[in-house]
Amino acid sequence: MFELLEYTLEHQLPNFNECWWDHWIMDVLICNGLGIWCGMKTVEYLKMKPYHWRGLWHIPTYRGKMRRMVAQFTPYNWTSFDWKPTLSLKRWLAVLGIITMWLLAELNTFYLKTILWIPPPNLLNWARLAMYVPASAVAFRETFQFLDDPTCKKFGQQAWILAAIVITELLIVMKFDLNLLLLPFPEHIWQCWVAAFVGIASWTVWRFFIR
């Protein structure tokens with residue numbers, strides 16, 4: 001999905017102008033594809049991994065004590081969530097919102113670097129990423145807890161905070177270079193996006209109101 005946004009915003013962000021093999025081989029197949037595969041295997045391993053929590057001094061061997069100390073930084077238990085995007089209209093809209101917020105967070109990275117003249121190796125970029133990774137994990141956990149658990153009546157605090165950070169970054173981009181965001185899209189680009197939005201809206205009506 002993000003590769004489509006790169007094609008869409010090439011006229012605004014010059015570093016999105018990449019050759020085809022960079023888009024589809026390096027980014028989609030190697031970086032994204034391999035990352036998704038590794039992530040799925042990690043989730044499968046953690047979901048099936050047995051957790052044995054014993055006191056450190058009850059473990060007889062030094063090797064066992066070292067493994068227990070390392071395990072201190074792993075989850076106490078593992079809870080599985082399923083996207084199930086078409087389960088209900090509420091869940092479908094929630095999944096679309098999750099995807100939109102995450103793509104917006106990724107786009108903010110490039111717009112902030114461009115507008116604020118932050119070079120890619122700058123420590124601020126790495127600090128922002130280091131903040132986003134654990135915060136987004138908790139936010140996703142709270143979001144799916146809200147969607148799946150009927151006893152959960154409130155949206156999690158971390159999810160609200162992360163959404164506020166993403167929106168604040170967007171407001172910073174708009175404040176310092178609104179003209180960049182208002183550069184007109186090429187005709188074939190906006191036509192494709194209009195067709196995509198009409199298709200999604202039509203499918204939503206058919207799936208949840210007609211079918």
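At 3% relative accessibility, Arg91 is a buried arginine, and that makes a handy way into this predicted model. Arg91 sits in helix H4, which covers residues 89–115. The protein chain around it has 7 helices and 0 strands, so what follows is about helices and the loops between them, with helices taken as DSSP runs of at least four residues.

**Arg91 and its surroundings**

- Arg91 counts as buried because its 3% relative accessibility falls under the 20% cut-off.
- Leaving aside residues up to four places away in sequence, Arg91 touches Asp82, Trp83, Lys84, Pro85, Phe144, Leu147 and Asp148.
- One of those partners, Phe144, is 53 residues from Arg91 in sequence, yet the two C-alpha atoms are 9.6 Å apart in space.
- The Arg91 side chain also reaches the backbone oxygen of Lys84, at 3.1 Å.

**Lys84, on the other end of that contact**

- Lys84 belongs to the loop between helix H3 (62–71) and H4.
- Its backbone is worth a look: Lys84 has a positive phi of about 40° although it is not a glycine.
- Lys84 is partly exposed, because its relative accessibility of 37% lies between the 20% and 50% limits.

**Asn108, also in H4**

- Asn108 lies in helix H4, and at 1% relative accessibility it counts as buried.
- A polar atom of the Asn108 side chain is 3.1 Å from the backbone oxygen of Val166.
- Not counting residues up to four places away in sequence, Asn108 touches Arg128, Val166, Glu169 and Leu170.

**Trp117, after H4**

- Trp117 is in the loop between H4 and helix H5 (123–148).
- Trp117 is not a glycine either, but has a positive phi of about 60°.
- With a relative accessible area of 77%, Trp117 is exposed.

**The nonpolar surface patch**

- Met1, Leu4, Trp24, Ile25, Met26, Leu29, Ile30, Leu34, Trp37, Trp83 and Ile99 make a nonpolar surface patch of about 1,100 Å².
- Helix H2 (residues 20–48) gives the most to this patch, with 7 residues.
- Ile30 is a patch member placed in helix H2.
- Ile30 is partly exposed at a relative accessible area of 41%, so it clears the 30% cut-off for patch residues.
- Trp83 turns up twice: it is part of the patch and it is among the residues that Arg91 touches.

**Cysteines**

- The disulfide count comes to 0.
- Cys152 is partly exposed, with 21% relative accessibility.
- Cys192 is exposed, with a relative accessible area of 51%.
- Both values sit by a class limit: Cys152 at 21% would count as buried under 20%, and Cys192 at 51% counts as exposed because that class starts over 50%.

**The chain overall**

- Read along the sequence, the pattern is α-α-α-α-α-α-α.
- The chain has 211 residues, of which 23% count as buried; Arg91 and Asn108 are among them.
- Take the contacts between residues at least 6 apart in sequence: 60% of these join residues at least 24 apart.
- The chain exposes about 15,100 Å², and carbon and sulfur atoms supply 71% of that area.

Technical notes: Residues are numbered from 1 along each chain as its sequence is written. This is a predicted model: local features need pLDDT of at least 70, side-chain atom pairs count only at pLDDT 80 or more; totals for chains, interfaces and linings use all residues. Side-chain values use heavy atoms; hydrogens and water are left out. Helices (H or I, at least four residues) and strands (E, at least two) are DSSP runs, numbered from the N terminus. Buried means under 20% relative accessible area, exposed over 50%, partly exposed in between (1.4 Å probe, protein chains only). Contact means heavy atoms within 4.5 Å. A polar contact is a pair of N or O atoms within 3.5 Å; within protein, one must be able to donate a hydrogen and the other to accept it, and residues adjacent in sequence count only if both atoms are side-chain atoms. A disulfide is a pair of cysteine sulfur atoms within 2.5 Å. Patches are made of residues with over 30% relative accessible area and no salt bridge: like charges are joined within 9 Å, nonpolar side chains (Val, Leu, Ile, Met, Phe, Trp, Tyr) within 5 Å. Accessible areas come from the Shrake-Rupley method with a 1.4 Å probe; for residues, only the protein chains shown count as cover. A salt bridge is a side-chain nitrogen of Lys or Arg within 4 Å of a carboxyl oxygen of Asp or Glu.
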